[in-house]
Amino acid sequence: MHYDDVTYNIREKLLKRLINVGIIICLFGICEQMLIKPHIIALFPMLFLLAALVAGHIMSSKYNRTDIAEIIIGVVAIYVTFPIIYFTSGGIRGGAPIWFVLGLFYIIGIFNGKKMYVFLTCAIIEDIIIYVTGYIYPELIIPIESEGKIMIDSAFAIIFVGTFLGVITKFQLNAYNRSRKIAISQRDEIEKFSKSRNAFFASMSHEIRTPINTIIGLDEMILREKGLSDEVTENAETIQNAGKMLLSLVNDILDLSQIENNKMEIFPVKYSTEDMFNELIEVVRYRIEEKGLAFYVNIDSSMPSMLYGDAKRIKQVLLNILVNAAKYTKDGSVTLTAKSEAVSKDKCELTISVLDTGIGIKSENINTLFDSFSRGIGRDVNNIEGTGLGLSISKQLMELMGGEITVDSIYTKGSNFTVVLEQKIIDAKPIGNIDFLVRKGSRHLAYRRLFEAPDVRILLVDDNDTSRMVITKLLRETKVQIDQAKNALEALDLTHKKYYNIILMDYMMPGIDGREALQKIRRQENGLCKESAVLLMTAEGDSSIINKIMEEGFDGYIEKPVQGNGLEASIMSFIPNELLEFKAKTENVVVKTLAGETIIKPNVLKKKLIITTDCVCDISTGEAKQLGIMQVYLYVNTPSGRFKDTIEIGIDNVTSMLEKDRRNIHASAVSVEDYENFFASRLTEAEEVLHLSFGKNMGKSYWNAISAAKCFGSVHVLDSGLLSCGLSIVIKYASEALKNGASLEEITKLVQDMKGRVNTRFLLDSIDPFYENGYIGKKMRNIFNLFHLHPILAAKKSGLHIDGFMLGDIDSARIRFIKKTVKKIKNKTVNDIYVSHTGISVKQQEMAASVIEKAGICDNVVIHKSSVTNACFSGPGTIGIAYYKK
Ligand code: ADP
């Protein structure tokens, strides 16, 4: 029988082992009794015990009745053998008390439940009676003759009982270790399975989207035909709905698998509140109105007009609850209400609710409503199509965005789903009174082209013949000239011969994929389309992947399945006005770009050189933008997932996480692949890139950037010798030089000169983070911790080194540290002093600033929060100071 066999019973195996050990020890016990020669009846207990063990052995091995074996051994040993041993072998002046211990241990270790309680109670009562009887009637106890024999008797009992307990414990431990190993290997298997399942879902979603693309696209062509019979129109509309339903199902399954694998990422972008609600209402109103329900929209006019958040996911959640409201309401109305309340100068809390007069939800179902695959029960729900995934996904998306979704419902009367979410305000200007339902119309809007541009040339690159056919048909009315290429090689051949205004590029193609094709077109020798707008076409459902692809330098993207007007709108925004022969009056032209905004970016002129870096924490984001500095973002790994520094997680969040759970928060260096993508994107904006990296002995950043740069030839990586705080000073001077027309060589020289003149020092609360990052050994750490020393780290020789320490409480140590550093600076010219900190009090920050100001060494003292990298690296409570000696 194997350990992982489910039928295997550990207790059974343990009992068998105990019986074997017991028999051997009993034989020794009989010998021991012979040796100390007590009264003849003293031999009986051992013989009884031996008999019980043999009987137990037969019962369990031959008849498989371990339950009876346990009882026989327990009863004979505890209630017969041990009392006799007590009275015939010296009472408490012998080995008997130790046997009683064994009795109790046996009961607890072997029996379970009621049986255990009965045996235990009886054994305790028995022990008390024996002790009391022995005390009142000492003459009942046959003493052991000599001290020597008492010693032998109790020594034997100790060895016997000790071995017994040892065997039990060892056995349990082994069993535990084995089951742990099994659990670990099972967990690994599950993880492996879940990874492959995820990959399966991702490729399935892609595979399914492509044919849906054809169905929806061609069906739309049918609907565009004039003079269709009612029946044909109805059939085509049904196909359209079924196609969209299938698509949403694929999307739901993909979302769920991503959420379960912690792969779901949130991508905040700037978005127009009005557009967001308009698009939402546009999509949902037919669903509501076709059921004959009234649709009321109540959007607070004071709502800020531009916000920052993941508009796509917010829409997804709202769409789901609005569609549910329509699905689960037979008559009455659906009301969408939204309002916002300012929580700080640049943040507001949105409260959006959807109220319906539908079937309502039974209170017993409310608790499981947000679980995956949980659907309401009853006739009302069974007749309505659904999978029970929407609310589960919505809830998890809201949690990822830091918001919440709740429901209030009265069964048979209706439900009210409310979403509460904090968003950053980009433009607080109120949206005002907007009639969100003005664009009423028939269910299927008659198609009308958005533009005509017969001189525009489009190259359509897609390996799927049907996809190319659908897109060509959908663009027919715009009169654009379309050439088709089945693969990247055909495309490159065409871009070498002919200029195209726009290239529509499929991503997944056999051989050279869309990404590589894009890079090749951009760098094609004598290529005619190096600066054409290239739009990515993708059936990928995962927005994190789409965003990643977009960073490769695509100008925009079109999601498959392509929908007629959306496709035209995207393309139109890349066509210069002079080429548009006809332009329809449109309300919403949405071009999907990385920033989520409508950006028209045709033929941008490339700069000669741009400077990029690993971190710009000392200068504000605004200043960095003005200086044209581009930063690559690293990832912060936390127990609640992986976040992109600055974009998805800010220093405040990281600081509070570090304060709670420092050991589990790590910043990982940017990977070679991410650097490659980053540099590739930058090379679409400039001919050359100068990347100023962290010191080469400070983690992997420098080396990863160097490896990535090798792919390009026009990316230059320079070791700044510094960590974030300090590196920004170099960046600032380098960017100013670039603005003033300095060449790559001149800037490189400037950076080399600055090396060694920019000083950075940090005072850490504890040495532990430095040790955990592998910079020092355990002994050194122990010394620091033993004397409660706060280490001072300084950047030297492109690495970090201990440059002293501070004693005493950390608050006063920080001020002494600043004073000490200021003393070092005296008599040297410094322009700016940057003080960075990770979560220290405002009072302490002010004290630090006043110490520097009093010293009169510098006019400009900048106090700022440290970078996320630095915070993860040096832990909470760190203060750093950076300055440039000219
Ligand atoms: P689906 O609608 O596909 O079943 P959801 O996760 O969106 O899945 O919803 C789960 C369940 O919650 C539904 O099956 C339904 O019983 C209940 N439900 C959701 N919204 C409403 C609503 N507005 N009114 C009544 N019941 C609802």
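The chain holds 28 helices and 27 strands, and what you're looking at is a predicted model. Its radius of gyration is 38 Å, whereas a compact globule of 886 residues would come in near 29 Å. Here's a quick tour, from overall dimensions down to a few individual residues.

**Overall dimensions**

- Along the principal axes, the C-alpha atoms fill a box of roughly 120 × 90 × 55 Å.
- As for burial, 49% of the 886 residues count as buried.
- To get a feel for the distances, take serine 60 and aspartate 809: they sit 749 residues apart in sequence, and their C-alpha atoms are 67 Å apart in space.
- Aspartate 809 belongs to the loop between strand S24 (799-806) and helix H26 (810-825), and with a relative accessible area of 47% this aspartate is partly exposed.
- For another pair, threonine 214 and arginine 515 are 301 residues apart along the chain, with 23 Å between their C-alpha atoms.
- Threonine 214 is part of helix H6; its relative accessibility is 15%, so it counts as buried, the cut-off being under 20%.

**Surface patches**

- Lys13, Lys16, Arg17, Arg178 and Lys181 come together as a positive patch on the surface.
- Two elements give two or more residues to that positive patch, namely helix H1 (10-36) and helix H6 (147-224).
- H1 is the top contributor to the positive patch, giving 3 residues.
- Arginine 178 is one of the patch members, and you'll find this arginine in helix H6.
- The relative accessible area of arginine 178 is 37%, which makes it partly exposed.
- There's a nonpolar surface patch too: Ile124, Ile128, Val132, Tyr135, Ile136, Tyr137 and Leu140, with about 750 Å² of accessible area together.
- Tyrosine 137, from the nonpolar patch, lies in the loop that runs between helix H5 (113-136) and H6.
- With 43% relative accessibility, tyrosine 137 is classed as partly exposed.

**Salt bridges**

- The tally for the model is 25 salt bridges.
- One of them pairs arginine 663 with glutamate 772, with the closest N and O atoms 3.2 Å apart.
- Why does this pair tie together parts that are 109 residues apart in sequence? Arginine 663 is in the loop between helix H19 (651-661) and strand S19 (666-668), while glutamate 772 is in helix H24 (residues 768-772).
- Glutamate 772 is partly exposed, at a relative accessible area of 34%.
- Arginine 187 and aspartate 188 also meet through their side chains, in a salt bridge with an N to O distance of 3.6 Å.
- Both ends of that bridge are partly exposed: aspartate 188 has a relative accessible area of 37%, and arginine 187 has a relative accessibility of 47%.
- Lysine 749 and aspartate 753 form another salt bridge, and here the closest N and O atoms are 3.6 Å apart.
- Aspartate 753 and lysine 749 are 4 residues apart in helix H23 (residues 744-754), so about one helical turn separates them.
- Lysine 749, at 52% relative accessibility, counts as exposed, whereas aspartate 753, at 41%, is partly exposed; the line between the two classes falls at 50%.
- Then there's a network: Arg761, Lys796, Asp803 and Lys824 are joined into one by salt bridges that share partners.

**Positive phi angles**

- Where does asparagine 64 lie? This asparagine lies in the loop between helix H2 (43-61) and helix H3 (66-88).
- Asparagine 64 isn't a glycine, yet its phi is positive, at about 60°.
- With a relative accessibility of 55%, asparagine 64 counts as exposed.
- Asparagine 526 is a residue other than glycine with a positive phi as well, near 55°.
- Look for asparagine 526 in the loop between helix H15 (514-522) and strand S12 (533-538).
- Asparagine 526 is exposed, having a relative accessible area of 58%.

Definitions and conventions: Residues are numbered from 1 along each chain as its sequence is written. This is a predicted model: local features need pLDDT of at least 70, side-chain atom pairs count only at pLDDT 80 or more; totals for chains, interfaces and linings use all residues. Side-chain values use heavy atoms; hydrogens and water are left out. Patches are made of residues with over 30% relative accessible area and no salt bridge: like charges are joined within 9 Å, nonpolar side chains (Val, Leu, Ile, Met, Phe, Trp, Tyr) within 5 Å. Accessible areas come from the Shrake-Rupley method with a 1.4 Å probe; for residues, only the protein chains shown count as cover. A salt bridge is a side-chain nitrogen of Lys or Arg within 4 Å of a carboxyl oxygen of Asp or Glu. Lys and Arg count as positive and Asp and Glu as negative; His and the chain ends are not counted. The place of a charge is taken as NZ of Lys, CZ of Arg, CG of Asp or CD of Glu. Buried means under 20% relative accessible area, exposed over 50%, partly exposed in between (1.4 Å probe, protein chains only). The radius of gyration is taken over C-alpha atoms; the globule rule is 2.2 Å times the number of residues to the power 0.38.
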